[in-house]
Amino acid sequence: MNLIGRYEKAVSERPGTFIVILIAITLFLSFFAAQMDMSFGEDDFQPDTEVALANRMIIEEYGLEGRQISIIYIADSNVLARDNLLAQLETEESIANSPIVSSIISRSPQSPDGILSPGRLIAQTRFIRALIRMSEGFPQPNGNDSHTVQQELMGRVFALSHMEMRTILEGGELSVEVSTLPFPIELEFEPYEPEMLSEYFRDPLISMIFPLEDILGFLLSNDYDPSTQTAGKAITGISVRSDISPETALEAEREVWELTREIHGDELTVRVLGDALIRDEINQASGRNIAILMPVAFLFVVVVLAFMYRNVTDTILNLLSLVLAIVWVYGVGVLLDLNLGNPMMTTVPVLIIGLGIDYGIHYTSRYREELRTGKDVNQAVTLTGATVGFAILLTTITTIVGFMSNVTSDISAIRDFGVLCSVGIFSAFVLMLTFFPASKTIIDNRRMRKGKPLIRDVKAKTGKSFGKRFWSRIGEPDSFCRSDVKCVNNGLGLGAIAARTPVRVLAVVLLITLTAVYGGLQLEARYDFRDFLPSDLEVTDTFNMFVEDFSFSQETVFILVEGDITQPEVFWNIGEVQARAMESEYAVSAREPESPYQLAMSMTDVNSPGYNSSFALIWAANIQEVDVTGPDNIIAVYDGLYEYAPGDAIRVLRREDGIYTGSVVRVPVDTMDGKRVGEIESHMISAAGILDDEDLDRVLVTGGPIVSYSTFRSINQGQIETLMITFIIALIILTILYFYMGKGITLGAVTILPLVFVISWTFGTMYFLNIPLNPVTVTIAAITVGLGIDYSIHITQRFLEEAERIEKPECALCVATSHTGSALFGSATTTIVGFGILSLAIIPPLAQFGQVSAISIFFAFLASVFVSPTFLLIWYKHRKG
């Protein structure tokens, strides 16, 4: 008797003891399960690579990049019409008057209000034009340089009040006080019309001071027509501080959403989009996902078990085992500090139900078989464990190997998913082979003492089954198997019949596989954190509109420089790196890059809104000439940046105990919805190559787009690694076990070989159904091996049993596929429908995962019943010579 048989014997002899132990474990783990945290973040889906870790470090030490609340205005006619621009200003004024929103806005000299909109931009442009015309020939009091007036007037441009901007757009008079002039400047504006924009674009002075056309095109939808100055949609961007908590960000974004409900324009619709809103919707969707899927899954299990068992007790015991397994999973997950808020984790309970019920079906079917042969309850439990229990052990091991292979992934969410699934599979195994038989032992022994029957009598079938009819049609005589062996049951023995012509079977399999391989080779990885948004939400529709209808990009690439950055040649070369980086065709010229060099240039340029006269004096005293060989005091320059622009300096410099150890160049880019990240990365690496010859610790290109790109690569590489690991470990385990059983060293390979075809079929089907590889579906290869091999193992085990008592291997194979095939059909059906339930998930990647998993299980079932018999028969005949 094997190990599982001895364990089941112990369970049948002391069932009450085992049940008490299981209940105690459940109560202990339920305490922890009640404390699970369902929150998660985008970092969970980022790989633990140098690029991703550097990106996280920059965000933590230098500050977040590109956090913004976007307000999208949708006009039925023209979003550039005066009333619609005034509506934008009305929104800005409401935001300025909101303490919640105003407190989280990130401000700068160029944007004191932290807001950028077409309405504000056009008002500022009109103000500049009026100033240029009125200020020509103004006398300079006290002999001050003309730069003094220019600087004050430029500062006035960015400090316009909402009332002043309304006046500029509606038309009227505006009086501007200038401290360096003895009199105010009186400006008069005619009402704005969209047609005036063409004139502003052609004004060379405006273009030199204010790149209106570039920035405005950045804020307008792709249907913007410069010839008629019309556009259907526009964006207002609100810059958000990087040091606020997620809760504060969510509160502020909800407040903005409420404020925009009251805005009225020329048939104007307003939408709000922000990272906190998106994250909140995903978190809520995860909760709704469980609320939808769990009842459906349990209802399905009840229906299937009631149909298969026709016994209330067996149905209830199986359900209780599954409930306990789910409690165990979440309790252990909390103890292991896994991130249970990851949307992938919502699939785990459904997966446990789908797989756990397989164990129950196999166990119950064999238990009833043993009872029908005259065994008593304890003997039936023991023999069931020794036979099908051992097969369940093998399938559990290989399934756990399949899931645990995901721990090699660079992505923490995938690692946690693999671990939690493994815990779930092990829990289901222990409970189905302990709680269920222990309970059945107590209940059935009591029934026997009362003289009640344990199982129903099986009615003899009349007529020919589908398999028999097919058999007779192809001319196979009834004497193929001994008359006392019923070989074919409902067509599931057809695989054994086809095994007699292995060349034909292999030809069909290879033809299908080659077609699938063609599709699988063209399958590409695709990932966006926002893919987890349900498709039927307003925020999803708004995000899709943002991506599809605008060229607006807040994407930024970081060039990290670490080491002694106070060397003059390093400082000047950082400026050269920045210049070369901005030469990329995908760099966004409408947004300024950030670096220590750029900040210093801005603070010393009298025409720049960031000009600072005190810093300009420091610069003049410490920089001899713009020459990399000059004796420049860069430390003094950096100290000046920290003193006079600390908020900007901390974004580009790292100072530890007064020592400057790192710098960041922030390059604004547009990846064209992720399609050009590879080209951008190559260009940035080339630009950063200028610093290769410097005495530095590290120069690295990173940033959100680069990390997403590395996620793609991790997905592609990860699926190959996990697949190979799963195959190799499963092959080693099966080979050792079958060798130990005296079946040679090749049976393990024969058992696992059909899974090669299954994986090819699955990836090919994904391509033809347009289902991408993402952090969820990438796990399917390992899962397919882990789950699909279960069916092959059951067929192999039953064939080995039957071959010992039936002389003819074809007949033994037919009996194995007929009888075990029936149980496999039931378990495959429950698993397929269980995973199919995931297709009801409101989170798209989870629905795709359910669809692909169901397809792969279906293929695995077909391969085990109709392909495995061919390989087993070849193996058997070769082994017997």
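These legends accompany several close-up views of a predicted model.

**View 1. The whole protein chain, before we zoom in.**
The predicted chain has 881 residues, and 57% of them are buried. Its secondary structure is made up of 34 helices and 10 strands. Among contacts with a separation of 6 or more, 79% join residues 24 or more positions apart. The accessible surface comes to about 36,800 Å², and carbon and sulfur atoms contribute 56% of that area. The count of salt bridges is 29, and a few of them appear in the views below.

**View 2. A salt bridge between helix 3 and strand 10.**
Here the side chains of E50 and R698 meet, with 3.1 Å from N to O. This pair brings together distant parts of the chain, with E50 in helix 3 (residues 50–61) and R698 in strand 10 (residues 696–703), 648 residues apart. Both partners can be picked out at the surface: E50 is partly exposed at 47% relative accessibility, and R698 is partly exposed with a relative accessible area of 24%. If you widen the view, you will find that E50 and R698 belong to a network of salt bridges that also links E61, E562, R654 and E656.

**View 3. A salt bridge between helix 12 and helix 13.**
R254 and D280 join their side chains in a salt bridge of 2.9 Å, N to O. The two residues are 26 apart along the chain, R254 in helix 12 (residues 246–260) and D280 in helix 13 (residues 275–309). Is each partner buried or exposed? R254 counts as partly exposed because its relative accessibility is 40%, whereas D280 is buried because its relative accessible area is 15%, under the 20% cut-off.

**View 4. The salt bridge of K375 and E370.**
The side chains of K375 and E370 meet at 3.9 Å, N to O. K375 is partly exposed, at 28% relative accessibility, while E370 is buried, with a relative accessible area of 10%.

**View 5. R82 and its neighbours from elsewhere in the sequence.**
R82 sits in helix 4 and is partly exposed, with a relative accessible area of 24%. Setting aside residues up to four places away in sequence, R82 touches L169, E170, P191, Y192 and E193. For another landmark, look for R166: its C-alpha atom is 9.8 Å from that of R82, although the two residues are 84 apart along the chain.

**View 6. A patch of negative charge on the surface.**
Four glutamates, E90, E93, E258 and E262, gather here in a negatively charged surface patch. One of them, E90, lies in helix 4 (residues 82–96). E90 is partly exposed, with a relative accessible area of 30%.

**View 7. Helix 24 and the elements that cover it.**
Which residues of helix 24 (residues 596–604) are buried? They are P596, Q598, L599, A600, S602 and M603. The cover over these buried residues includes helix 23 (568–581), helix 25 (613–622), helix 26 (634–644) and helix 27 (646–649). Strand 8 (653–656) and strand 9 (659–668) are also part of that cover.

**View 8. A buried glutamate, E681, in helix 28.**
E681 is found in helix 28 (residues 677–688). E681 is buried, with a relative accessible area of 11%. What does E681 contact, leaving aside its neighbours within four places in sequence? The partners to look for are I706, Y709 and R713.

Key. Residues numbered from 1 in each chain as written. Predicted model: local features only at pLDDT ≥ 70, side-chain atom pairs only at ≥ 80, totals over all residues. Heavy atoms only, no water. Patch = residues over 30% accessible without salt bridge, like charges linked within 9 Å, V, L, I, M, F, W, Y side chains within 5 Å. Areas by Shrake-Rupley, 256 points an atom, 1.4 Å probe, with all protein chains shown as cover. Lys, Arg positive; Asp, Glu negative; His and termini not counted. Charge placed at Lys NZ, Arg CZ, Asp CG, Glu CD. Helix = DSSP H or I, 4+ residues; strand = E, 2+ residues; numbered from the N terminus. Buried < 20%, exposed > 50% of the residue type's maximum accessible area, 1.4 Å probe, protein only. Contact = heavy atoms within 4.5 Å.
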